[in-house]
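Hi everyone, thanks for making time. I'd like to walk you through a structure that's probably new to most of you, so let me put it up on the screen.

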Amino acid sequence: MEICLVAAASENNALGYQGNLLWHLPNDLKFFKNTTWGMVVAMGRKTYDSINRIPLKGRYNIIITRQDVLEAPGCTVVSNLKDAIYDASNHGYAQIMVVGGGEIYAAALPMATTIYLTRVHAVFTPADAFFPEINLEEWTLTNEQVFEMDDKHAYSYTIQQWNRK
């Protein structure tokens, strides 16, 4: 099973604060949709809460939670990342896209083969969810595309693809 991380993080690796993203980048949201469409997306319960508990359309949604009971219509609920990978494999998928949050990214990073990272060129504080540090001895930057701020994007950003060495 190939494990990919799909994230947007600031220069200080901030992902969000109090269940919300710290920026709005419409083109990054399109990139996210195109990258994950038709795929398995695995997310933590807090990330699921942040999208108003609505499954992402066109994707097989797996929610990872320690809660004993979680009502998540249209989603599969598991208790850990290993079970999410097992479930995706049992449904015939060869790849799983981990889409947040910080704890889930940290758990998945040691097993991941690819990271699709939108690096937002700003520093955000306060923040309470963070993307783990990318160890440059383990990862190679294989693709990047830079986008400047404009009337729809308050921050410049770079979409990067990292592959495990």
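Here's one to start with: how many bridges join strand β10 to β11? There are eight, and the two strands run antiparallel. If you want to find them, β10 covers residues 139-147, and β11 is residues 157-164. Before I go on, keep in mind that this is a predicted model.

Let's stay with β11 for a moment. Strand β8, residues 114-120, is joined to β11 too, by seven bridges, and that pairing is also antiparallel. You can pick out a residue pair for each partner strand. Glu-144 has Gln-160 of β11 as its bridge partner, while Thr-118 is matched with Ile-159 of β11.

Now, over to another sheet. This one is open, with three strands in the order β3-β2-β9, paired antiparallel. The edges are β3, at 20-21, and β9, at 129-130; each has a single partner strand, so one side of each has no neighbour in the sheet. Between β2, which is residues 14-17, and β3 there are two bridges. One residue to look at here is Tyr-17, whose bridge partner in β3 is Asn-20.

Okay, helices. Take α3, residues 81-90. Which of its residues are buried? They are Leu-81, Ala-84, Ile-85, Asp-87 and Ala-88. These sit on the same side of α3, because they cover an arc of only 165° around the axis. Turn to the other side and you find Lys-82, Tyr-86 and Asn-90, which are exposed.

So what covers those buried residues? The cover includes strands β1, β4, β5, β6 and β7, along with helix α4.

Have a look at the two ends of α3 as well. At the start, a side-chain oxygen of Asn-80 comes to within 3.1 Å of the backbone nitrogen of Lys-82. Just after the helix, Gly-92 has a positive phi of about 85°.

Last stop: α4, residues 102-108, which we just met as part of that cover. Ile-104 lies in this helix. Is Ile-104 buried or exposed? Its relative accessibility is 13%, and the cut-off for buried is under 20%, so Ile-104 counts as buried. Setting aside neighbours within four places in sequence, Ile-104 is in contact with Met-43, Gly-44, Ile-64 and Val-98. And then there's Thr-47: 57 residues separate it from Ile-104 in sequence, yet the two are 9.7 Å apart in space, C-alpha to C-alpha.

That's my tour, thanks for listening!

Notes. Residues numbered from 1 in each chain as written. Predicted model: local features only at pLDDT ≥ 70, side-chain atom pairs only at ≥ 80, totals over all residues. Heavy atoms only, no water. Buried < 20%, exposed > 50% of the residue type's maximum accessible area, 1.4 Å probe, protein only. Helix = DSSP H or I, 4+ residues; strand = E, 2+ residues; numbered from the N terminus. Arc of directions from axis to C-beta. Contact = heavy atoms within 4.5 Å. Polar contact = N/O pair within 3.5 Å; in protein donor to acceptor, adjacent residues only side chain to side chain. Pairing = 2+ DSSP bridges.
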